[in-house]
Structures are given as structure tokens and as C-alpha cells.
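Here's a quick briefing on how the charged pairs, a histidine and the nonpolar packing are laid out. Have a look at the structure first, then work through the notes below it.

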Amino acid sequence: MERKRTFEPGDMVATFTGEAGMVLSKTAFSTATNHLKEGRRPGHFFAPGCCHNPDYVTQVPVLFEDGRYDMMRSMNIKRAPDLPPEKQKRLQGIIHELGG
């Protein structure tokens with residue numbers, strides 16, 4: 001039985017501070033951790049001694065416009081399907097550059 005996810009890879013999201021991002025798949029997230037810097041934005045998931053485990057319910061990997069990623073807490077992001085097309089293209093371009 002598969003658990004229902006709050007967010008799906010490819011969803012456009014925004015933080016409570018208004019920063020636009022895109023939810024990453026597990027493979028794109030592992031690639032991003034090797035090639036991009038972590039942003040450490042307000043609302044990112046942090047627990048001492050705990051590793052990142054994207055479950056898309058409480059821990060959601062998000063790529064942001066500035067080319068940085070964060071493992072965000074789901075309560076600190078919201079869906080943003082109405083992002084301007086330029087922002088969506090920018091985010092998809094970063095993913096494409098990573099090979100994901």
C-alpha cells in the first residue's frame with residue numbers, strides 16, 4: 001500500500017516568504033545534493049543527527065530560482081500553480097542542466 005503524498009515531484013510551490021520553487025524527485029534531489037548548494041531558508045527541515053529522507057508528506061525537497069535546494073517542511077510551503085511561465089522555465093532549465 002502506497003502512502004498518499006502531500007506534494008508530488010514537479011509541483012510548483014512557494015515559501016511563506018514568497019520564494020518560488022519546484023518539488024524535486026528523489027533522483028533529482030540526490031543529483032542536486034551533489035551539484036548545488038543548500039539554501040538553508042527559513043522553514044527548511046533541520047533535526048540534529050537526522051538525515052534527509054524525502055517522504056513528500058513532512059520532508060519535501062525543493063529547488064529554488066536561485067539554483068539552491070532545501071529540504072522544506074511541508075507546513076512552510078504551499079502549492080503555487082499560477083507561477084509566471086518565466087519562473088517555471090527557469091526552474092525546469094536548472095533541472096535539465098542537472099540531467100534530471
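Let's start with His 44, which, beyond its neighbours within four places in sequence, is in contact with Glu 38, Asp 70, Met 71, Met 72 and Arg 73. Keep in mind that this is a predicted model. From His 44 the notes move to Arg 41, whose backbone oxygen sits 2.8 Å from a polar atom of the His 44 side chain, and then on to salt bridges and cores.

**Around His 44**

- You'll find His 44 in the loop between helix 1 and strand 3.
- With a relative accessible area of 15%, His 44 counts as buried, because the cut-off for that is under 20%.
- Two of the residues in contact with His 44, Asp 70 and Met 72, turn up again further down: Asp 70 in a salt-bridge network, and Met 72 in a nonpolar core.

**Salt bridges at Arg 41**

- The model has 7 salt bridges in total.
- One of them pairs Glu 19 with Arg 41, with 3.0 Å between the closest N and O atoms.
- Glu 19 is in the loop between strand 1 (12-15) and strand 2 (20-23), while Arg 41 is in the loop between helix 1 (26-35) and strand 3 (59-64), so this pair ties together parts that are 22 residues apart in sequence.
- The two partners differ in exposure: Glu 19 is partly exposed at 30% relative accessibility, whereas Arg 41 is buried at 6%.
- Arg 41 also makes a salt bridge with Asp 66, at 2.7 Å from N to O.
- That one links distant parts of the chain as well, 25 residues apart, with Asp 66 in the loop between strand 3 and strand 4 (69-73).
- Asp 66 is partly exposed, its relative accessible area being 45%.
- Put together, Glu 19, Arg 41, Asp 66 and Asp 70 are linked in a network of salt bridges.

**The Glu 65 and Lys 87 pair**

- Glu 65 and Lys 87 form another salt bridge, the closest N and O atoms being 3.9 Å apart.
- Glu 65 belongs to the loop between strand 3 and strand 4 and Lys 87 to helix 2 (residues 85-98), so the pair ties together parts 22 residues apart in sequence.
- Both ends are partly exposed, with relative accessible areas of 27% for Glu 65 and 29% for Lys 87.

**Nonpolar cores**

- The largest nonpolar core has 18 residues, and Leu 24, Leu 36, Leu 63 and Tyr 69 have the most contacts inside it.
- At least two residues of this core come from each of strand 1, strand 2, helix 1, strand 4 and helix 2.
- Not counting neighbours within four places in sequence, Leu 36 is in contact with Leu 63, Gly 67, Tyr 69, Ile 94 and Leu 98.
- Apart from this core lies another one, of 9 residues, including Tyr 56, Phe 64, Met 72 and Ile 77.

**The two sides of helix 1**

- Ala 28, Phe 29 and Ala 32 are buried in helix 1.
- Looking down the axis, the buried residues of helix 1 fall within an arc of 100°, so they line one face of the helix.
- As background, an α-helix has 3.6 residues a turn, so residues three or four places apart point the same way.
- Thr 27 and Asn 34, on the other side of helix 1, are exposed.
- Strand 3, strand 4 and helix 2 are among the parts that cover the buried residues of helix 1.

Notes:
Residues are numbered from 1 along each chain as its sequence is written. This is a predicted model: local features need pLDDT of at least 70, side-chain atom pairs count only at pLDDT 80 or more; totals for chains, interfaces and linings use all residues. Side-chain values use heavy atoms; hydrogens and water are left out. A salt bridge is a side-chain nitrogen of Lys or Arg within 4 Å of a carboxyl oxygen of Asp or Glu. Helices (H or I, at least four residues) and strands (E, at least two) are DSSP runs, numbered from the N terminus. Buried means under 20% relative accessible area, exposed over 50%, partly exposed in between (1.4 Å probe, protein chains only). A polar contact is a pair of N or O atoms within 3.5 Å; within protein, one must be able to donate a hydrogen and the other to accept it, and residues adjacent in sequence count only if both atoms are side-chain atoms. Contact means heavy atoms within 4.5 Å. A nonpolar core is a set of buried Ala, Val, Leu, Ile, Met, Phe, Trp, Tyr and Cys residues joined through side-chain atoms within 4.5 Å. The arc is that of the directions from the helix axis to the C-beta atoms.
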